[in-house]
Amino acid sequence: MNTEDRILEPGRIEAPFGEIRFLSLAGRDLFTRRADRFRFLSPGHPLGKYLDFLALLADAQQEAQDRFPSLPPPDARELALCREHGMPLLDTRSRLRNPAWRTALTLILRRMSEADLPKAARKTAAGLMSVDENRLEEMADGILSGDPAATPPKELPFIAAALQVYWVRMASMVGEDAFAKLEPAGVCPVCGSFPATGIVHANGTEKGLRYLCCSLCASRWHMVRVKCSNCEATQGISYYSLEGSNGAVKAESCDDCNTYLKLLYLGKDDAMEAMADDLATLSLDMLMDKAGKARSGPNLFFHPGCEAKQA
Amino acid sequence: MLGFSSVDALAEVREFKLARSSETRNTCPYCSVSCGLIMHSLGDRAKNAEPAIFHIEGDPDHPVNRGTLCPKGAGLVDFIHSESRLKYPEYRAPGSNEWKRISWDEAFTRVARLMKDDRDKNFVAKNTAGVTVNRWLTTGFLAASASSNESGYITQKAIRSLGILAFDNQARV
């Protein structure tokens, strides 16, 4: 029997909305919740120390988000143009970044250089504070071009953290209603980035629906289940989990494009968080890699070039 | 590089193996509402292993049921693994209380034979006024409602061309 399906009492069945909700933006407390989850996952975890570091980084991100200066809203004509041509309104590649993202970086670095970190990490944070603007923009371009490997592994988490804060802020400023569905459906309708993971909801009107989670702005957009989020194939889709696990995290893999993306089934564990649980299940990535499958979306806190040696 | 080691993670991964499963869309066989399903099965079809269905949920993306299932649909996984599930044709002779397994060939031949005999005996080509009607009123046909448009079309063509008027698609066959 289905142990995860609750039996609903009469009158408690929620009627589905007319349309499936297609987008939800990150909440204001995203980074706090992420930090809590990193802290929950870290004890006894083989990557525990790194998860602790990321918990501190997420705290710093929350602080940076709360203290982020207000920005001028994007130009209405530009938004209309994006909408007309089916482009993401806050596209990472076509839109000029407001240098304010570096304010977020400064806030994060200041907090991190005071935190209790391994010496190498603290040194990197301190070193980044004096890196010149052009070099910072260059590293940001590397990350946003969809190739996190272009940024040195030491600097990647800090730069990525600041960019996340900036894009989360921009998205919430533009507001959920401004965004529309895009083709292809596998990129974020807010910023055009690839998803880091997918989440299968467990409750309410969204029960069982799959939402892809943006690796940059943490927006979640709906995509039909049992369909490759990378090439949209519906045949040859398989699910891999660690043998003996409860199946809360599965890699949805596609025979057509030979990639996979992890899905978090909240029905098995509703405390999971897209970014944190993705990193905490690195063993699944390593086994998928060994099986010859490539990840279709990045996790910006995981440098693809140094996976086998050091995280 | 930031001072974090992944030696433990590498050691851990050696202890694990991958388990493969699939999710397959289907339609609930019970009634004419035709709710969408997602069936979860273990096993790898390519390796001649018998796929074993271990979980069935309502398809959340399906426009008809949006992931919901009625109590019968929610119990489908037990229906699949039921010991008394009908898997082959069986015949119970008139007056007997015993079911006997027969082959598909025997079943088809017997059904066709009985249909033909009845049709030959009772077919009405013309009514009393001499108008051509081509009716066969002594046999009726009940088809399943969860079939596809295509099989519905073929059933309609086959049955109507025999002259059968009593024809319905019913939910619980």
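Which residues have the most contacts inside the largest nonpolar core? In this predicted model, they are Leu54(A), Ile108(A), Ile159(A), Ala162(A), Leu163(A), Trp167(A) and Cys217(A), and the core as a whole has 89 residues. Helix α7 of chain A, covering residues 156-174, gives the most to this core, with 13 residues. Domain 1 (30-178) and domain 2 (195-306) of chain A both contribute residues, so the core lies between them.

Let us look at one member of that core. Cys217(A) touches Trp167(A), Val168(A) and Ala171(A), and its contacts also include Ala26(A), Cys188(A), Val190(A) and Cys191(A), leaving aside residues up to four places away in sequence. Apart from the main core there is a second, separate one of seven residues, among them Leu37(B), Ile38(B), Ile56(B) and Leu69(B).

**Domains of chain A**

The C-alpha centres of domain 1 and domain 2 of chain A are 22 Å apart. Their contact takes 23 residues from domain 1 of chain A and 18 residues from domain 2 of chain A. On the domain 1 side, α1 (30-41), α2 (48-66) and α7 of chain A each supply at least two residues. The largest share, eight residues, comes from α7(A). By class, this side of domain 1 of chain A has 17 nonpolar, three polar and three charged residues.

**Domains of chain B**

Chain B is divided into domain 1 (21-80), domain 2 (86-120) and domain 3 (123-173). Between the C-alpha centres of domain 2 and domain 3 of chain B there are 20 Å. Here four residues of domain 2 of chain B contact five residues of domain 3 of chain B. The domain 2 side of this contact has one nonpolar, no polar and three charged residues.

**Where the chains meet**

Between the chains, 29 residues of chain B are in contact with 36 residues of chain A. On the chain B side, α1 (7-13), β1 (18-27) and β3 (52-58) each supply at least two residues, and β1(B) gives the largest share, with seven residues. Strand β1(B) also pairs with strand β5 of chain A (residues 237-242) in the antiparallel sense, over four bridges. Within that pairing, Tyr240(A) has Arg20(B) as its bridge partner.

The table sets out the three contact sides by residue class.

| Contact side | Nonpolar | Polar | Charged |
|---|---|---|---|
| Domain 1 of chain A, touching domain 2 of chain A | 17 residues | three residues | three residues |
| Domain 2 of chain B, touching domain 3 of chain B | one residue | no residues | three residues |
| Chain B, touching chain A | 11 residues | eight residues | 10 residues |

Notes: Residues are numbered from 1 along each chain as its sequence is written. Chains are lettered from A and ligands numbered from 1 in the order in which they are written. This is a predicted model: local features need pLDDT of at least 70, side-chain atom pairs count only at pLDDT 80 or more; totals for chains, interfaces and linings use all residues. A nonpolar core is a set of buried Ala, Val, Leu, Ile, Met, Phe, Trp, Tyr and Cys residues joined through C-beta atoms within 7 Å. A residue is buried if 20 or more other C-beta atoms lie within 10 Å of its own, exposed if 12 or fewer, and partly exposed in between; C-beta atoms are placed from the backbone. Domain bounds come from an automatic or database domain assignment. Two residues are in contact if their C-beta atoms, placed from the backbone, lie within 7 Å. Ala, Val, Leu, Ile, Met, Phe, Trp, Tyr, Cys and Pro count as nonpolar, Asp, Glu, Lys and Arg as charged, and the others, Gly among them, as polar. Two strands pair if DSSP finds at least two bridges between them.
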